Number of protein chains: 2
Amino acid sequence: MADMKKHHTECGQESQKLCISIVPIFNHLDPYEMQEIVKESRSISHKKGYTIYQAGDKSDGLYIVHKGRVKIYRLSDNGKEQLVRILEPGDFTGELSLFNESVHDAYAEALESVELCVMGRDNFQQFLLKYPAIALKVLSEFSTRLAKTEKQAASIAMESTETRVAIYLADLVEEQKRSDVTLPMSRKDLASYLGTTPETISRKLTDFENAGWIMQNEQREIIILDLDALLLA
Amino acid sequence: MADMKKHHTECGQESQKLCISIVPIFNHLDPYEMQEIVKESRSISHKKGYTIYQAGDKSDGLYIVHKGRVKIYRLSDNGKEQLVRILEPGDFTGELSLFNESVHDAYAEALESVELCVMGRDNFQQFLLKYPAIALKVLSEFSTRLAKTEKQAASIAMESTETRVAIYLADLVEEQKRSDVTLPMSRKDLASYLGTTPETISRKLTDFENAGWIMQNEQREIIILDLDALLLA
DNA sequence: TGCTGTTCTTGATGCACGTCAAGGTTTTAT
DNA sequence: ATAAAACCTTGACGTGCATCAAGAACAGCA
């Protein structure tokens, strides 16, 4: 806690209001309701590399990302890291323990300078009871994530590493809506996300390049030349 | 639809009321509220092997299992099956598409004779708005499933097949609270759930038996002799 | 600007596990 | 009760990918 003081900053009401209002699950509320939430939430900043929470920590509430990106990952017994997901502004975390367990089983780390809104467990539940429409929004967000996670699990379980990399690139194209995509993370993290190693990522990418399906520009810039060929590999 | 007629049976109000009241997310409602839900839901029976919905089907609502078990699985491009989860009485499915997409990307199949409650998408949303406490219950269920799925994905990505089988057995012990556990599914399905093959499951189990950590009784009966040794393998 | 610590690439090696195959056992259906 | 179908086990074999290692490219920072 003494250590935290050095790394984060509490903000005034003004900044908090901004913080809440930018977040999709809250941004349709009217000014009065917004105000009510602002009173119950805090705004916090951390700089790059800061560990926001770690496995074993008591879950103290809901974290909503306002600015910057946050990496959620797990560690296996043998110390290997598995990237669960990356939070962009508007995303939130801490929900898992909001309703059931009260202990985190993953780690959250600031990938860059971040600003977060934090709301206590009980406060959040009260809000959901009072504003059922928000509960539906959260439910909707959960169902999206659940679908994505189930798909990801199935993919790791059934497809070859090569196919997974190809599918990932295809997803990026769809997400970024252009054929020259930017990897949102390092190859190391990508490997961890796809359940493989950095070496294999490297090799598969050069394989794809040799096959004429992609072109690797600067580090994280990749141009997809033949999406179809890629996908039926 | 003509085909469905042969396999399912609509039930009267009496049976429906039972159906709803047995389900955890609804069973704390008072009689009047219960009645209101009953009016909006249907009760349906299917016999073993019936495909309740399949990938590509439009999602027509929420399915709550009342009796029997239902297998949810996916098919990869190359036709391999991945078991996502098994629904026990009280569990529900169809939620993913309740809020976002309207098309299933998985298959639901009756493992035995089943009875289901079915509620339309809109009706369900109205209920959640009217009874926020139910929304919280559903949210809680979602968060549990999300946690479980993320853990499962991480496990498949990071641990060896052997470790996964060991962890699965350990989870069973915890779940069933006894050291002679019963596998809830065939080895074929277990393999699909753990992202491996029936052959490998067979081999690992005999390995464990040879090491003196477990004993295999009748088909699905396994006695765990040394849980600790199993887990640090 | 250069220094230092990451990240990326490429090669060589080994093994865990998937695949194919064949025989035995249990379940289902008639 | 018996046949048919599905499931389980064990063996032999091949390979995709992790691992170890070492050099190259890059990024952060004085």
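**Two chains, two DNA strands: how the terms are earned**

Reader: How many residues of domain 1 of chain A are in contact with residues of domain 2 of chain A?

Author: 4 residues of domain 1 touch 5 residues of domain 2, both in chain A. By class, the domain 1 side of that contact holds 2 nonpolar, 1 polar and 1 charged residues. This is a predicted model.

Reader: Where are the two domains of chain A divided?

Author: Domain 1 spans 2–136, and domain 2 spans 157–231. The bounds come from an automatic or database domain assignment.

Reader: How do you know how the two copies, chain A and chain B, are related?

Author: Superpose them. A turn of 180 degrees with a shift of 0.1 Å along the axis lays chain A on chain B, with an RMSD of 0.1 Å. The two copies are thus related as by a two-fold rotation axis.

Reader: Which residue of chain A comes closest to the rotation axis?

Author: A:Ala153 does, with its C-alpha at 2.3 Å.

Reader: What makes up the side of chain A that touches chain B, and how many residues of each chain are in contact?

Author: 36 residues of chain A are in contact with 36 residues of chain B. To count, a pair must have C-beta atoms within 7 Å. In chain A, strand S5 (81–87), helix H4 (96–99), helix H5 (121–130) and helix H6 (132–158) each supply at least two residues. H6(A) gives the most, 21 residues. By class, this side of chain A has 20 nonpolar, 10 polar and 6 charged residues.

Reader: Why can one say that the copies meet through the same surface?

Author: Compare the two interface lists. 100% of the interface residues of chain A are also interface residues in chain B, so the surface is the same on both copies.

Reader: On to the helices. What makes H8(A) and H9(A) roughly perpendicular?

Author: Helix H8 (residues 187–194) and helix H9 (residues 198–210) of chain A pack at about 100 degrees, with axes 8 Å apart. The term covers 65 to 115 degrees. H8(A) is therefore roughly perpendicular to H9(A). H8(A) makes the contact with A:Arg187, A:Lys188, A:Leu190 and A:Ala191, while H9(A) uses A:Pro198, A:Thr200, A:Ile201 and A:Ser202. By class, that contact has 4 nonpolar, 2 polar and 2 charged residues.

Reader: What is the angle between H7(A) and H9(A), and how far apart are their axes?

Author: They pack at about 70 degrees, with axes 10 Å apart. That angle makes H7(A) roughly perpendicular to H9(A). A:Thr161, A:Glu162 and A:Val165 of H7(A) meet A:Thr200, A:Ile201 and A:Lys204 of H9(A). The classes here are 2 nonpolar, 2 polar and 2 charged residues.

Reader: Why are H7(B) and H9(B) called roughly perpendicular?

Author: Their axes come within 10 Å and cross at roughly 70 degrees. The term starts at 65 degrees and runs to 115. H7(B) and H9(B) are therefore roughly perpendicular to each other. B:Thr161, B:Glu162 and B:Val165 in H7(B) meet B:Thr200, B:Ile201 and B:Lys204 in H9(B). By class, the contact has 2 nonpolar, 2 polar and 2 charged residues.

Reader: Now the DNA. Which residues come nearest to DNA strand C?

Author: A:Ser186, A:Ser202, B:Ser160, B:Thr161 and B:Thr200, out of 17 residues around the strand. A residue counts as near if its C-beta atom lies within 6 Å.

Reader: What supplies the surface near DNA strand C?

Author: Both chains take part. H8 and H9 of chain A, with helix H7 (161–176) and helix H9 (198–210) of chain B, each supply at least two residues. H9(A) has the largest share, 6 residues. By class, the surface near strand C divides into 2 nonpolar, 9 polar and 6 charged residues.

Reader: And which residues come nearest to DNA strand D?

Author: A:Ser160, A:Thr161, A:Thr196, A:Thr200 and B:Ser186, among the 16 residues around DNA strand D.

Reader: Which helices each supply at least two residues of the surface near DNA strand D?

Author: Helix H7 (161–176) and H9 of chain A, together with helix H8 (187–194) and H9 of chain B. H9(B) has the largest share, 5 residues. The surface near DNA strand D divides into 1 nonpolar, 9 polar and 6 charged residues.

Note on methods: Residues numbered from 1 in each chain as written. Chains lettered and ligands numbered in written order. Predicted model: local features only at pLDDT ≥ 70, side-chain atom pairs only at ≥ 80, totals over all residues. Axes fitted to C-alpha atoms, helices over the stretch in contact; angles between N-to-C directions. Helix = DSSP H or I, 4+ residues; strand = E, 2+ residues; numbered from the N terminus. Parallel < 35°, antiparallel > 145°, perpendicular 65-115°, else oblique. Contact = placed C-beta atoms within 7 Å. Nonpolar A, V, L, I, M, F, W, Y, C, P; charged D, E, K, R; others polar. Least-squares fit on C-alpha atoms with pLDDT ≥ 70 in both.
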